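Colleague: I would like to learn how to read a model like this one. Could you take me through it?

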Amino acid sequence: MAKTNNIGQFEQLILTAILALREDAYGVTIHAKAEELADPKGVSLGAVYVTLDRLGDKGLVSSRLSDPTPERGGRAKRCYQLEALGERALRESAITARRMWQASVEAWGGEWEKRWRKQWGKETA
Amino acid sequence: MNKTPPKMMEWIVARMVPPARREEVLGDLQERCQGPAQYLLDALRTVPHVIASQMRRSTDPRLVICEALALYLAFLTAPAHPGARSLIFDPAMLAPALIPVAASLVALRFIDTYSLTGARTRTVIMAQVALAVAITCAAEQILWIEERAMALPRGALLQGGILACFLLWMLRMAMPADKSRLQMAGPGHTEQTPDEDIQQQAKKFRERIRDRNRTEYAGAALVIAYFGIRLFETGQLAARIGFALIIAGSIYAMYHLRTKESPGAPPAEGTYEKYAAYHRRELVRQRDLLHSIWRWYLGPFLPGGVVLIAGSVLSAAARQKQRHPSSVFVGAAIFGLILLLIWKGNQRAERRLQLEIDDLDAETSRR
């Protein structure tokens, strides 16, 4: 079996943000999406840059400079996209998270599961 | 709607962000700008992370370890003043010698973080290491005023600094930075026709060779000046002969470089085939030059080095109480290490040139 990258929780968050944003994934939008996903925890823009660099070094994401735009003072955006390795790492993380969820439900019972599903329902509404 | 940050504030922030990340980070900060206070706060929270990340990306742990060893060796093998023993034999100096090592390493990390991510030529690398050593010397001068016991003697700092420059320069030539980590992909480059492409390749290669030759001349001038001063300073016959032979070796190497290895003139105009033939000729000439480096570049330094080492061994044997004989072996080891590093670096460059020749041949046969 091919070796996969171990990724941390914050890296999963950033990869998910890039996946969700598709073509529009650059510093500002990734940060906004990561804050939305991490709510109620805050996310700093600096931490997003550091993680994007690390993901790039691991080959999980790639980037390119877009054309300059006036609202950015004529500066270009660095747009990110998931690489095949990044998609695979994210899929594996999602599977692990699902297993953890199932194990928690088995341990804490159906009531706990219902309460959390209700809580998430409120958040997504 | 976002606001524009004050020009002065933006200028200061721009200077703090490493050049490799400046474009997108400044653009992102401007896009998020809601006013001067928010912009400043955002920049203060973001820029340290960007600097730290770029520093991590531009740091090769193997190079840092080698640099630390080279710096410690350079400062410890220097004598406090001409004729004195090296600092390595003074236990009280072992800890103070770590201070310039740490200062140089920190300076180098910042220089790497803020250096432009384009091609690092020999001249650029020499300027970078010279800047780091100059910063170290300035820090040591402050230490000399504040806490003299912890500062290196000025003679040792000067001589150690010169040796450190050469060792660092050679290390960085032998272990070039991984550009793919320093520089992320930019916007797609414009397509060129094969004729323009080969012209540009030939032009760049010619500039690279001229730049290398200029650096070699400057290096040789430094060597000649340094050993020229030592020639008049020393009273020992063997040392005088050794210094004179090293100067003669430098002059011979530079004469060879000037007369045999300067790049030829490119064709004024012509087809792909003409430029390709010119470029190939130059590549082959430089590859052969690197292949024969012992004959014209390293070899001429050997007689001087051998005479100096032999003279030092005899002198150490005669004055065993004044001078520790192992300092001679440390000096010989450094001389050998320098030659080895130059040879290995040139072997690597020779292999790269051969790859370029193979690529060019493959491209020419496809046409």
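Modeller: Happily! Keep in mind that this is a predicted model. Let's begin with B:Met9, which sits in helix α1 (residues 7–16) of chain B.

Colleague: Why does B:Met9 count as partly exposed?

Modeller: The idea is to count neighbours: 20 or more other C-beta atoms within 10 Å make a residue buried, and 12 or fewer make it exposed. B:Met9 has 14 C-beta neighbours inside 10 Å, so it counts as partly exposed.

Colleague: Which residues does B:Met9 touch, leaving out those up to four places away in sequence?

Modeller: B:Met9 touches B:Pro36, B:Tyr39 and B:Leu40. Take B:Leu40: it is 31 residues from B:Met9 in sequence, yet their C-alpha atoms are 7.6 Å apart in space.

Colleague: Now the chain contacts. How many residues of chain B are in contact with chain A?

Modeller: On chain B there are 23, and they meet 22 residues of chain A. Helices α2 (19–32) and α3 (36–57) of chain B each supply at least two residues of that side. The largest share, nine residues, comes from α3(B). By character, the side of chain B that touches chain A divides into seven nonpolar, seven polar and nine charged residues.

Colleague: And how far does helix α6 of chain B reach from its first C-alpha to its last?

Modeller: Compare its span with the one expected at 1.5 Å a residue. Helix α6 (residues 122–146) has 25 residues and reaches 36 Å, close to the expected 36 Å.

Colleague: Which residues of α6(B) are buried?

Modeller: They are B:Ile125, B:Met126, B:Val129, B:Ala132, B:Val133, B:Thr136 and B:Glu140.

Methods
Residues are numbered from 1 along each chain as its sequence is written. Chains are lettered from A and ligands numbered from 1 in the order in which they are written. This is a predicted model: local features need pLDDT of at least 70, side-chain atom pairs count only at pLDDT 80 or more; totals for chains, interfaces and linings use all residues. Helices (H or I, at least four residues) and strands (E, at least two) are DSSP runs, numbered from the N terminus. The expected span of a helix is 1.5 Å times one less than its number of residues. Two residues are in contact if their C-beta atoms, placed from the backbone, lie within 7 Å. Ala, Val, Leu, Ile, Met, Phe, Trp, Tyr, Cys and Pro count as nonpolar, Asp, Glu, Lys and Arg as charged, and the others, Gly among them, as polar.
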